[in-house]
Amino acid sequence: ASTRGGGSVQLSQVASERLLAHLVGQELDERKKAGKYKGGFSPICHFFGYQARCSMPSEYDCALSFVLGNTAGALAVSGCTGYLATVQNTTDSVEHWQPGGVPLASLVNCHSAGVVIANGHGSEVDLEGAAYCKLRAVRNEWLLGDCYTNPGPIQFHGPTMLRRNATLELEHKQRTQTRSEIAKLCGEIQDHCRANITDAGLDATLLQLESLRKIVGRMVT
């Protein structure tokens with residue numbers, strides 16, 4: 001760390017995480033010399049400056065963190081290593097959230113050329129998604145006017161306490177509508193199958209549904 005004119009250390013310039021790793025390494029070296037430690041120590045430091053400067057977590061942030069942490073613990077206890085903890089349906093109340101796990105291998109492209117290199121899938125903006133369609137509809141108005149919503153600091157009480165961001169709300173609404181349409185179509189198929197349908201019609205319906213199930217199964221992560 002650099003020093004001031006008087007020789008004192010500028011503590012604000014000290015990387016505390018690296019200092020801690022250095023001191024731990026020194027202590028482990030001493031223990032290794034004394035025969036009290038036989039392992040290795042290769043620390044990787046991460047800078048949490050942005051997290052330290054951000055606002056207090058909202059009620060939603062806290063709930064999401066607790067659920068993801070518990071999900072990660074449940075995956076580990078179940079022996080599901082190499083999984084990423086996930087939560088779906090997060091715009092609903094917490095009791096209706098759906099925790100789960102996604103294999104990390106399904107999120108990367110692996111190329112083997114002597115050494116296996118994992119490249120994460122790119123994520124592009126869905127130009128037909130609900131969030132972008134909303135932006136496209138109002139961007140001319142936003143270009144000229146002062147259109148914004150600011151409830152103030154993080155709210156821990158009142159109607160905005162559990163408010164989600166607009167993108168999450170819009171995308172969830174679209175997903176919920178799609179699921180409802182799928183459920184409606186499935187119900188209509190069941191009604192048709194209960195009616196006076198021929199055996200050939202039932203066989204054709206079953207064949208198509210089995211084919212559809214295989215297709216959908218390949219798309220599930």
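The exercises below concern a predicted model of one protein chain.

**Exercise 1. Find how many helices and strands the protein chain has, and in what pattern they follow one another.**

Step 1. Count the elements: the protein chain has six helices and four strands.

Step 2. Read along the sequence. The pattern is α-α-α-β-β-β-β-α-α-α.

**Exercise 2. Find which elements have the lowest and the highest mean pLDDT, and say how the lowest should be treated.**

Step 1. Begin with the whole protein chain: its mean pLDDT is 82, and 88% of its residues reach 70 or more.

Step 2. Go through the elements. The lowest mean pLDDT, 61, belongs to strand β4 (residues 116–120). The highest, 92, belongs to helix α3 (residues 59–77).

Step 3. Apply the general rule: predicted coordinates should not be read in detail where pLDDT is low.

**Exercise 3. State what share of the residues is buried, and describe the surface and the contacts of the protein chain.**

Step 1. A residue is buried when its relative accessible area is under 20%. Of the 221 residues in the protein chain, 11% are buried.

Step 2. The accessible surface of the protein chain comes to about 18,000 Å². Carbon and sulfur atoms account for 57% of this surface.

Step 3. Take the contacts between residues at least 6 apart in sequence. Of these, 36% join residues at least 24 apart.

**Exercise 4. Locate the salt bridges in the structure, and decide for each partner whether it is buried, partly exposed or exposed.**

Step 1. The structure holds two salt bridges.

Step 2. One of them joins glutamate 27 to arginine 31. Their closest N and O atoms are 3.0 Å apart, which satisfies the cut-off of within 4 Å. Both residues lie in helix α1 (residues 16–33). They are four residues apart, about one turn of the helix.

Step 3. Aspartate 191 and arginine 194 form a salt bridge through their side chains, with an N to O distance of 3.1 Å. Both residues belong to helix α5 (residues 166–194). Their separation is three residues, again about one turn of the helix.

Step 4. Classify the partners. Exposed means over 50% relative accessible area, and partly exposed lies between the buried and exposed limits.

- Glutamate 27 has 39% relative accessibility, so it counts as partly exposed.
- Arginine 31 has 40% relative accessibility, so it counts as partly exposed.
- Aspartate 191 has 48% relative accessibility, so it counts as partly exposed.
- Arginine 194 has a relative accessible area of 61%, so it is exposed.

Methods: Residues are numbered from 1 along each chain as its sequence is written. This is a predicted model: local features need pLDDT of at least 70, side-chain atom pairs count only at pLDDT 80 or more; totals for chains, interfaces and linings use all residues. Side-chain values use heavy atoms; hydrogens and water are left out. Helices (H or I, at least four residues) and strands (E, at least two) are DSSP runs, numbered from the N terminus. Buried means under 20% relative accessible area, exposed over 50%, partly exposed in between (1.4 Å probe, protein chains only). Contact means heavy atoms within 4.5 Å. Accessible areas come from the Shrake-Rupley method with a 1.4 Å probe; for residues, only the protein chains shown count as cover. pLDDT is the predictor's confidence in each residue, from 0 to 100.
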